[in-house]
Amino acid sequence: MAIATKRRQSYEGVAVAVPVTVPYERYSTRTAHWFLGRAVDALVQSSGIGKDQIDGFCVSSFSLAPDTAVGLTQHLGLSPRWLDHVPTGGASGVMCLRRAARAVQSGDADIVACVAGDTNHVDSFRQTLGAFSNFSRDATYPYGAGGPNSVFAFITANYMRTFGATREDFGRIAVDQRTNALKNPHAMFKKPLTLEAYMAARPISDPIHLFDCVMPCAGGEAFLVMSEERARDLGLPHALVHGAIERHNAYADDPIMVRGGWRMDRDDLYAQAAVQPSDIDFVQTYDDYPVIVMMQFEDLGFCEKGDGPAFTRANTMTHDGSFPNNTSGGQLSAGQAGAAGGFLGMTEAIRQLTGAAGERGVPDAQLGLVAGFGMVTYDRCLCTGAVILGLPAVVATLDFEGSHGMLASILVWF
């Protein structure tokens with residue numbers, strides 16, 4: 001007997017607002033709780049809502065342990081009726097948004113605070129790496145390797161052999177992101193980066209060199225999820241969710257990762273939003289290493305698999321270029337504040353669509369795509385996700401008379 005597949009509810013009517021960044025610090029003796037608390041306080045101050053109005057809470061953090069989201073509610077004096085803890089690192093921003101959106105649509109919460117943050121000091125970073133994944137630890141420690149650099153060197157070298165990518169191809173991504181970061185007051189890196197300097201940087205783990213690696217730091221990112229109606233009533237600049245996907249353990253039969261779960265579900269993503277890749281005005285890719293950015297260009301449908309190198313040669317990826325990518329500078333130039341790196345693309349996309357990106361604003365941007373990527377083990381990443389955000393509709397009163405001599409109002413999409 002055939003089982004009918006239930007049609008998924010759209011994300012219509014869900015808004016994201018109030019992008020918050022807790023300024024990054026290279027090292028900090030403060031705990032993750034402090035950075036997460038600062039993020040919640042900034043949400044309250046920036047939105048004008050009371051802390052007691054936050055009735056949904058979604059958290060991602062690597063260094064919050066032994067606490068989870070529920071421990072943080074006591075620490076911060078919150079009393080939500082909906083709660084989630086999403087330990088998926090770079091994919092957590094998209095996944096928190098998806099879960100919060102469904103909570104709002106079902107009435108389980110009215111205003112959800114999505115918050116990510118981590119501290120960074122020598123011991124916290126060592127503990128995170130040591131406990132990150134049994135699979136990764138067992139595969140690398142016997143050989144004297146550990147941490148993400150050697151893992152991504154393995155993935156990058158395989159991609160280069162398979163598709164003919166060069167270090168210059170990856171360098172164009174890093175250089176253009178640095179250009180974007182110079183206009184981001186929150187970015188950790190403040191000096192221009194040239195392709196020549198990228199190529200001359202010291203090797204870390206062949207073929208990975210210095211500027212292929214994110215710089216760990218401490219900090220936080222956050223945003224609010226609510227209904228479009230509530231955002232309008234509160235007078236909050238906001239963007240709307242047009243579609244979202246996530247996938248775990250995709251293409252498990254590939255010996256080494258050369259494609260991610262975005263590829264499995266991208267047609268669904270664009271169908272939800274009723275758009276094509278060519279309609280997207282900017283992209284915020286997860287960028288722990290440039291090879292993963294290139295995979296996203298391919299797997300999200302902006303070019304074919306294996307054409308990523310040619311795509312980077314043909315496009316300028318600055319905020320004012322032919323293909324704006326990681327307009328904040330991304331983690332490669334803004335820094336990676338632990339799990340907050342998974343929220344960086346989301347807060348930047350909201351800023352772009354609400355006119356809060358300042359000098360790095362993408363001209364006339366109406367649609368943005370945010371991709372997430374998290375929990376790399378040894379030869380692949382397990383979690384991927386993506387969301388399409390867009391500008392809301394506004395009611396504009398046009399200066400003409402209707403058939404009864406009265407001014408008429410029409411709905412105009414921007």
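What volume does the second largest pocket have? It comes to about 220 Å³, in a model that is predicted. The close-ups below start there and move on through the sheet, a salt bridge and the cavities.

**View 1. A look into the second largest pocket, with its volume of about 220 Å³.** Twelve residues line this pocket, and Y11, E12, G13, V241 and H242 are the ones nearest its centre. Strand 8 (238–248) and helix 10 (262–273) each put in at least two lining residues, with strand 8 giving the most, four residues. Sort the lining by class and you get five nonpolar, five polar and two charged residues.

**View 2. The open sheet, built from nine strands.** Read across, the strand order is 3-2-4-7-1-8-11-10-9, with mixed pairing. Strand 3 (82–85) and strand 9 (282–284) sit at the edges, each pairing on one side only. From one strand to the next, the twist averages 20°.

**View 3. Zooming in on strand 9 and strand 10, a parallel pair.** Three bridges link strand 9 to strand 10 (residues 367–376). Look for V283, whose bridge partner in strand 10 is L369.

**View 4. Helix 10 lying across strand 8, strand 10 and strand 11 (381–390).** The helix runs at about 155° to strand 8. Both helix 10 and strand 8 also turn up in the lining of the second largest pocket.

**View 5. R313 and D169 meeting in a salt bridge.** Their side chains come to 2.8 Å, N to O. R313 belongs to helix 12 (residues 308–314) and D169 to helix 7 (residues 167–181), so this pair ties together parts that are 144 residues apart in sequence. The structure holds 17 salt bridges, if you want to go hunting for others.

**View 6. Inside the largest cavity, about 110 Å³ in volume.** Of its 17 lining residues, T285, Y286, G341, L344 and G345 are closest to the centre. Helix 13 (330–334), helix 14 (341–353) and strand 10 each give two or more residues to the lining, and helix 14 has the largest share with four. The lining divides into five nonpolar, eleven polar and one charged.

**View 7. The second largest cavity, with about 60 Å³ of space.** Among the residues lining this one are T21, Y24, H186, E221, E348 and R351. Strand 1 (14–25) and helix 14 are the elements giving two or more residues, and helix 14 again has the largest share, four residues. By class, the lining splits into three nonpolar, five polar and four charged. L344 appears here too, having already shown up by the centre of the largest cavity.

Terms used: Residues are numbered from 1 along each chain as its sequence is written. This is a predicted model: local features need pLDDT of at least 70, side-chain atom pairs count only at pLDDT 80 or more; totals for chains, interfaces and linings use all residues. Side-chain values use heavy atoms; hydrogens and water are left out. On a 1 Å grid over the protein atoms alone, a cavity is a set of points where a 1.4 Å probe fits but cannot get out, and a pocket is an open set with protein on both sides within 12 Å along at least five of seven lines; lining residues have an atom within 4 Å of a point. Grid points are joined across faces, edges and corners, and a volume is the space filled by probe spheres set on the points. Ala, Val, Leu, Ile, Met, Phe, Trp, Tyr, Cys and Pro count as nonpolar, Asp, Glu, Lys and Arg as charged, and the others, Gly among them, as polar. Two strands pair if DSSP finds at least two bridges between them. Axes are lines fitted to C-alpha atoms, for helices over the stretch in contact, and angles run from 0 to 180 degrees between N-to-C directions. Contact means heavy atoms within 4.5 Å. A salt bridge is a side-chain nitrogen of Lys or Arg within 4 Å of a carboxyl oxygen of Asp or Glu.
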